[in-house]
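Grab a pencil and work through these exercises with the structure open beside you. Try each task before you read its solution.

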Amino acid sequence: MKLQAMAVAMPACAGHPNRVPFEGVLTLVDEASDRAPSGARGHRVILTRAAAMNALPSLLGMAVDYRPNWDGHDARRKCGIITKADVVGNRLCVSGYLYGRDFPEVEARMHGGERDAMGMSYELADAHVADMRADVWTLTRVTFTGAAILLRDKAAYQKTAFRLIPREETEPGQAVRACLAAGDGRRR
C-alpha cells in the first residue's frame, strides 16, 4: 500500500468554537462513478490515480459547501475548508474544518440521526477527458475547486463519506487514516 498526503499546517487552537474538525472520502480513484456527476453530460466518469495525485495541491485551502436539502452543490454556501488530502488505496480522503459557529445547521445535521448517510462530491475545473466519445469518461487531468457535503445517495460515487471528528479524538490529518477502515466508504 502506498500513501500520499498533502496538508496545510493549521496551528492548534483547542476548543475553537468555529473550527470543527471533519474527515471524509471525497471520491474513488481508478473506479467508475455510480452515476454521472453534474457537468459530465450524462457520462459516468473515472478519475485516474495520476490525475488525482497531480491535483492534490489544488484541494488544499478549497472550500466545502452544502445545500439545505443535502442534494448537491452550492458554491456560495462555503461552510468549511479542506486542509489535508490523501490518496489511500483507491480513496481520495480529505480532512479539514467546518465553520461550526457560522453554520450551526450543518453541525447539527452531522450530529443528527442520518450522519452515516452523508457523503461528498468534488468540484472541478480544467478537466481533461481522454475520449469524449467513450461511454465512461476517463479524467486524466483536473483541478479541484472545492467539494460538497451531501447525502451519499445523491453523490456520483456512493462510497463517499463525511463525518465530524469528535473533539475527544484527534485533529484532522491524523484521523483521515481512518478512511482505510471504511471498507465500503462508511464511518461507523
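**Exercise 1. Find where Gly-89 sits, and say how covered it is.**

Step 1: Look between β5 and β6, because Gly-89 belongs to the loop there. Strands here are DSSP runs of E with at least two residues, helices are runs of H or I with at least four, and both are numbered from the N terminus.

Step 2: Check the cover. Gly-89 has a relative accessible area of 33%, so it counts as partly exposed. The scale goes like this: buried is under 20%, exposed is over 50%, and partly exposed is in between, with a 1.4 Å probe and protein chains only.

Step 3: Look at the backbone. The hairpin of β5 and β6 has 2 residues between its strands, and Gly-89 takes a positive phi near 65° there.

Step 4: Look across space. Val-29 is 60 residues away from Gly-89 in sequence, yet C-alpha to C-alpha the two are 8.5 Å apart.

Before you go on, a word on what you're looking at. This is a predicted model, where local features need pLDDT of at least 70 and side-chain atom pairs count only at pLDDT 80 or more, while totals for chains, interfaces and linings use all residues. Residues are numbered from 1 along each chain as its sequence is written, and side-chain values use heavy atoms, with hydrogens and water left out.

**Exercise 2. Work out which strands pair with β6.**

Step 1: Start with β5 (residues 78-88). β5 and β6 run antiparallel and are joined by 8 bridges. Two strands count as paired if DSSP finds at least two bridges between them.

Step 2: Pick out residue pairs. Val-88 has Arg-91 of β6 as its bridge partner, and Ala-85 stands opposite Val-94 in β6.

Step 3: Turn to β2 (residues 20-28). This strand also pairs with β6 in the antiparallel sense, over 8 bridges. One pair to find is Thr-27 with Leu-92 of β6.

Step 4: Check the cover of β6 (residues 91-98). Here 8 of its 8 residues are buried. Keep in mind that side chains in a regular strand alternate between the two faces of the sheet.

**Exercise 3. Describe β5: how many of its residues are buried, and how does β4 pair with it?**

Step 1: Count the cover. In β5, 9 of 11 residues are buried.

Step 2: Find β4 (residues 63-65). β4 and β5 are antiparallel partners over 3 bridges, and Val-64 has Gly-80 in β5 as its bridge partner.

**Exercise 4. Compare Trp-70 with Asp-126: is each one buried or exposed?**

Step 1: Locate Trp-70 in the loop between β4 and β5. Its phi is near 60°, a positive value in a residue other than glycine.

Step 2: Classify Trp-70. Its relative accessibility is 6%, so Trp-70 is buried.

Step 3: Locate Asp-126 in strand β7. Asp-126 also isn't glycine and has a positive phi, near 55°.

Step 4: Classify Asp-126. Its relative accessibility is 59%, so Asp-126 is exposed.

**Exercise 5. Which residues does Ala-130 touch, leaving aside neighbours within four places in sequence?**

Step 1: Go to the loop between β7 and β8, where you'll find Ala-130. At 51% relative accessibility, Ala-130 counts as exposed.

Step 2: List the partners. With those neighbours left out, Ala-130 is in contact (heavy atoms within 4.5 Å) with Thr-138 and Thr-140.

Step 3: Add a distance. Ala-130 and Thr-140 lie 10 residues apart in sequence and 6.4 Å apart in space, C-alpha to C-alpha.

**Exercise 6. Sum up the whole chain: how many helices and strands are there, and what share of residues is buried?**

Step 1: Count the elements. The chain has 2 helices and 9 strands, and from the N terminus they run β-β-β-α-β-β-β-α-β-β-β.

Step 2: Take the buried share. Of the 188 residues, 47% are buried.

Step 3: Look at the contacts. Among those between residues at least 6 apart in sequence, 70% join residues at least 24 apart.
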